[in-house]
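Work through the exercises below with the sequence and the model open. Each task is followed by its solution.

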Amino acid sequence: MTRSTPDKTEKAEGVAAVNRALSVLQAFENAPEGQTLSMLAAATGLYESTILRLLDSLMGAGFVKRLPDGRYVVGPRLLPLAEMYRQSFRLADYALPRLRQLSRQSEECAGLYVREGDRRICLHHVQPQRSVRTHVLEGEMLALDRGAAGRLILALDDALPGEPYERIRKLGYAITQGERDPESAAIACPVFARGTRLMGAMSLAIPLYRCSEEVLQRLLPLVRAQAEALTQDLGGISPYAGAADDTGLVSKA
């Protein structure tokens, strides 16, 4: 007895079903309190009947859970996948000590961002003991064209023309004020791995009310030193090693 081979139509339908299921999961990204069926329909553009079938499969696999009040939330099966994602970089043992040292030295929030498609993700984040500080969650997805870390990644990874990207490439760091968050400033320096491959951006976030040119001049060398140290830890080579720390703003909004 021979097994029948799925035709192109069946394969296309299978791929479409997977894409629809993934779109349902993505709808939970910025909804920690869960989503109702109608909210999922609005977020995905799918019919509620289609979403219900997808939810049945996702709940059966543990990726989604239904609460007693009818809301849907992400299920426990996603947690080990998130841990696998973090571990696949093998960065925590190297990055966290550098970020902790940077946060202690600066008394500000230090983070490591990596590119994820057309966005950036906060892979690791360390907060200081200060009561007033910026807030970013590990795993949070942010725009690439807002904030120092995103601007830096675009400048070095995509080689975008014009300002502020040409200046970022020349100086080897990015500084923004009030861009992603109107109440904070940020400094970002590149981290390289396996030669000169850009791995991500190490960033320091400062509440805008305590940010000044003097503060930037003091903090920039700290960020650059830890970014270069992490680069060395990962076997990378920074083309900006030993560069002068000119803190002229590369972007201001």
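The exercises deal with backbone geometry and burial.

This is a predicted model, in which local features need pLDDT of at least 70, side-chain atom pairs count only at pLDDT 80 or more, and totals for chains, interfaces and linings use all residues. Residues are numbered from 1 along each chain as its sequence is written, and side-chain values use heavy atoms, with hydrogens and water left out.

**Exercise 1.** Find where the cis peptide bond between Glu163 and Pro164 lies.

Solution. Step 1: the bond from Glu163 to Pro164 has omega near 5 degrees, and is cis. Step 2: Pro164 sits in the loop between helix H6 (148-158) and helix H7 (165-171). Helices (H or I, at least four residues) and strands (E, at least two) are DSSP runs, numbered from the N terminus.

**Exercise 2.** Determine how many residues of H6 are buried, and what phi Ala159 takes just after H6.

Solution. Step 1: buried means under 20% relative accessible area, exposed over 50%, and partly exposed in between (1.4 Å probe, protein chains only). Step 2: of the 11 residues in H6, 8 are buried, among them Arg151, Leu152 and Ile153. Step 3: Ala159, just after H6, has a positive phi of about 50 degrees. Step 4: Ala159 has a relative accessible area of 47%, so it is partly exposed.

**Exercise 3.** State whether Arg194 is buried or exposed, and where it is found.

Solution. Step 1: Arg194 lies in the loop between strand S7 (184-193) and strand S8 (197-207). Step 2: Arg194 is not a glycine, yet its phi is positive, about 50 degrees. Step 3: Arg194 counts as exposed because its relative accessibility is 66%.
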